[in-house]
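Me: I've got a model open and I'm not sure how to read it. Can you walk me through a few features?

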Amino acid sequence: MLTESTSPIKIQKIAQSKLEHLDIEKVPFGKVFSDHMFVMDYADGEWSEPEIIPYQNISLNPATSVIHYGQSIFEGMKAFKSKNGDINIFRPKKNIERFNRSAERMCMPEVPEELFLDALQELVNLDSGWVPDLSGSALYIRPFMFATDEYIGVKPSSTYRFMIFSCPVNKYYTGAVRVKVETQYSRSVKGGTGFAKAAGNYAAALYPAKIAQEKGYQQLLWTDAIEHKFIEESGTMNVLFVVGNKLITPPISETILAGVTRDSILELARDWGYQVEERRISVDEMLGWLHDEELLEVFGAGTAATVAPIEAIGIADRDYELPAYAEWKLAPRLSVELDSIKRGIIPDRFNWNFKTNK
Ligand SMILES: *Cc1c(COP(=O)(O)O)cnc(C)c1O
């Protein structure tokens, strides 16, 4: 039965959908955008006039604050087409909470959870034709907020724009990657912004990643910024280690981003009887595991790739190879289980899917 929409969001539909030009199997990650986007501005202490409009460029005054001082945050989540035709967004409330924690750290206004969810729901429903249903594919959703004051003084902006757009994406296949333990540069420091999805964090990580790439590594294994002794994250993913029947990962802290994928993986592993440990892991301890051949699997966890296997770890100019992926047990099982939950192939026993259909 249809019910009257109570959403305050004004909708202006695109005249001619671009969907007929979509060839999902050929789409590169993050370069093709669906028909519509959500836009809402903040001024005088409040959000006003939430709108969905055709995807289009935005025009900015050159003095717009975000361009100079980087008050900008974002999120990333995915919507999936379920077996029965429903569209599920995976755990969006976690992303909304995290977005608002990022906002607070960057002196930006929060977006009310109800309004945020409503925006996601309306946008994904309107562009539901863009949610692919090939295994491994999804509609990637990118909410973000930036400072819009036209003023070059350094202070928190008093106006902001919040937007959401989406991109149909294929299975994000990186292959197994070689990672380098980074002991010179830092992604995140105590008292800093590492727990926030703040744009500047990613800009600052590009240079060390580029240097590692020149040395043949695809990714960095970040260590703590104080002593460079403890493992923190892998590139822009959380990192997990399988040692015997234990799943071990660094604890969430102000220097480590609280990944939704990480959280879901820990829940599944506990459910399956793995011993889960959230604790600091030193590079020395990891070296010990490698010497004793106790380290069975190491993988990154994030929305884009879900599980990203690591095949070798470079520590101080020596590379340590991990067992071949074909021998891994947990990472492939996690990957299949998460995909099956998101697609409604197996019951959603943790209540993770947010159904957009009304
Ligand atoms: C986004 C992100 C993650 C992964 O978070 P998910 O919610 O699983 O996508 C991990 N680390 C960093 C630095 C990130 O930006």
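Reply: Sure. Let's begin with the ligand: a residue is near a molecule if one of its heavy atoms lies within 4 Å of it. Keep in mind that this is a predicted model.

Me: Which residues come nearest to the ligand here?

Reply: There are 15 residues around the ligand, and those that come nearest are Lys-197, Tyr-202, Glu-233, Thr-261 and Thr-303.

Me: And how do I spot a polar contact with the ligand?

Reply: Look for a pair of N or O atoms within 3.5 Å. Take Glu-233: an N or O atom in its side chain is 2.5 Å from a nitrogen atom of the ligand. For Lys-197, a side-chain N or O atom lies 2.7 Å from an oxygen atom of the ligand. Arg-98 has a side-chain N or O atom 2.8 Å from a ligand oxygen.

Me: Where is Arg-98, and is it buried or exposed?

Reply: Buried means under 20% relative accessible area. Arg-98 sits in helix H2, and because its relative accessibility is 4%, it counts as buried. Leaving aside neighbours within four places in sequence, Arg-98 is in contact with Glu-75, Gly-76, Lys-197, Leu-257, Ala-258, Gly-259 and Val-260.

Me: What about Ser-102: buried or exposed?

Reply: Ser-102 is found in helix H2 too, which covers residues 92–105. Its relative accessibility is 1%, so Ser-102 counts as buried. Beyond its neighbours within four places in sequence, Ser-102 is in contact with Ile-73, Ala-196 and Lys-197.

Me: How does Lys-93 count?

Reply: Lys-93 also has its place in helix H2, but with 41% relative accessibility it counts as partly exposed. With neighbours within four places in sequence set aside, Lys-93 is in contact with Glu-113 and Leu-117. You can also compare sequence and space: Lys-93 and Ala-209 are 116 residues apart in sequence and 31 Å apart in space, C-alpha to C-alpha.

Me: Now a pair of helices. At what angle do H5 and H7 pack?

Reply: Angles of 65 to 115 degrees count as roughly perpendicular. Helix H5 (residues 260–271) and helix H7 (residues 330–342) pack at about 105 degrees, and their axes are 11 Å apart. H5 and H7 are therefore roughly perpendicular to each other.

Me: Which residues meet there?

Reply: From H5 you have Ser-264, Ile-265 and Leu-268, and they meet Leu-334, Glu-337, Leu-338 and Ile-341 in H7. The residues of that contact divide into five nonpolar, one polar and one charged.

Note on methods:
Residues numbered from 1 in each chain as written. Predicted model: local features only at pLDDT ≥ 70, side-chain atom pairs only at ≥ 80, totals over all residues. Heavy atoms only, no water. Helix = DSSP H or I, 4+ residues; strand = E, 2+ residues; numbered from the N terminus. Buried < 20%, exposed > 50% of the residue type's maximum accessible area, 1.4 Å probe, protein only. Contact = heavy atoms within 4.5 Å. Axes fitted to C-alpha atoms, helices over the stretch in contact; angles between N-to-C directions. Parallel < 35°, antiparallel > 145°, perpendicular 65-115°, else oblique. Nonpolar A, V, L, I, M, F, W, Y, C, P; charged D, E, K, R; others polar. Polar contact = N/O pair within 3.5 Å; in protein donor to acceptor, adjacent residues only side chain to side chain.
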